[in-house]
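Notebook open. Today I'm looking for empty space inside this protein.

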Amino acid sequence: MAALHHYLSIADLERAARKRLPACVRGYVCGGTEDGVSLQQSLQAFSRLGFVPRGLRHVAQRSTATTLWGQTYAMPMGFAPTGFAAIVMKDCDAALAKVAQAQALPFIISGASTVPLEQLQSAHDQRCWYQAYLPGNMARILPLLQRLERAQIPVLVVTIDTCVGANRENLQRLRFTVPFRPSWTLLLDGLRHPRWSCDVFLRTVLSQGVPRFANLAHEAGPAITADPPHGFRGERDQLDWDCIDQIRAAWKGKLVLKGVMHPEDARLAVAHGADAVIVSTHGGRQLDACISPLQALPEIRQAVPAGYPVFIDGGFRRGSDVLKAIALGADLVFTGRPQLFGAAVAGEAGIAHAVQLFRQELMTNLALLGVNRPQELTADYLRIQGDFSLPPSQR
């Protein structure tokens, strides 16, 4: 970790990662869709809220621990699913699972990951969650659910915001596609970044060949350079609430819906038996011009019963960002890009360093806010920045 002490923030890791990754990989990891409005909204939303701290509070017994569904986690944070992570680091999914286990954090396996979920699960005693990109076809869904049950996956996360592929103009300009298609542009890009070409591309290909989509369906899929049998997004536009009812009837574990941005969808999630929702715009990588998840969070919280778990992801780069979401009603915050930045800079150690940065900031900010646990925070600790109206007696 000595080499990482110069990276004092997630922003430091991001700057270094952007330099080390080829343009196409950087575009995939860091970019959004169309004009990038959803992505920027997620990042900028936190600056619109300011803290109102309390002083002279006894804060020597601070703890960031949180409990969910009988499981205690070290922080109210977890690793969001990050598909195609193998292009950032060799066996990146395995490293993410290992660090999440060591740091006592929940880890969501992406359906678009390249390390078999069974292998990831065996390395994570707290049991990995799994995010599914599901078609609206129960004949295809049921075998996958059976695989997850055999692997003892406790939580199924179903995306509701990926019915079609988004308009990723930035990737089209970079000649980057999923499935991956080699080109002269990509080759030249790799040659300009020899460290990535040697440490990621060559090490991966020489040791295991072209990575495969290991977790899209009930069995291992094709190489990341080929289309899956039903297409990468085949029949996803047919997934609806009737499918959720059938999944709920067949799935014995916890069911979480990800991509919930409208309060009515949150109410429907409760009515259709989901155990939790994740407020998310898919990292700003699907519909552009969305409001930020942070902005949507208060209405989602009000739309569901008291105590119903509400999670969130999108744009979190500081411990203060996490605490603002907790104050607005989130139970867990998931991050995706921060740990990928760490992986690009220093592999597994870089991922762990990203976690420690969040942990240190959480502990410091709890003390400065005057609370001992994140769960003590409420909206009373927040104000909208720029609101300088005075009480009537002072006008």
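What volume does the second largest cavity have? I get about 40 Å³ for the second largest cavity. I'm working from a predicted model, so to speak a computed picture throughout.

Next entry: the lining of that second largest cavity. I find Ala80, Pro81, Thr82, Asp93, Leu96, Phe107, Ile108, Ile109, Ser110, Ser113 and Leu120 there. I looked up which elements give two or more residues to this lining, and they are helix 4 (92-102) and strand 5 (108-110). Strand 5 gives the most, with three residues. By class, I note seven nonpolar, three polar and one charged residues around the second largest cavity.

Stepping back, I checked the count. I have two cavities of 30 Å³ or more.

On to the largest cavity. I read about 70 Å³ of space in it. From the earlier part of my list, Met75, Met77, Gly78, Phe79 and Leu105 are among the residues lining the largest cavity. Also on that list are Thr335, Pro338, Gln339, Ile351, Ala354, Val355 and Phe358. Strand 4 (77-79) and helix 14 (337-369) are the elements that give two or more residues to this lining.

Which element gives the most to the lining of the largest cavity? I find that helix 14 does, with six residues.

Last check: classes again. I note nine nonpolar, three polar and no charged residues lining the largest cavity, while the lining of the second largest cavity has one charged residue.

Key
Residues numbered from 1 in each chain as written. Predicted model: local features only at pLDDT ≥ 70, side-chain atom pairs only at ≥ 80, totals over all residues. Heavy atoms only, no water. 1 Å grid on protein atoms, 1.4 Å probe; cavity = no way out; pocket = protein on both sides within 12 Å on 5 of 7 lines; lining within 4 Å. Points joined across faces, edges and corners; volume = space filled by probe spheres on them. Helix = DSSP H or I, 4+ residues; strand = E, 2+ residues; numbered from the N terminus. Nonpolar A, V, L, I, M, F, W, Y, C, P; charged D, E, K, R; others polar.
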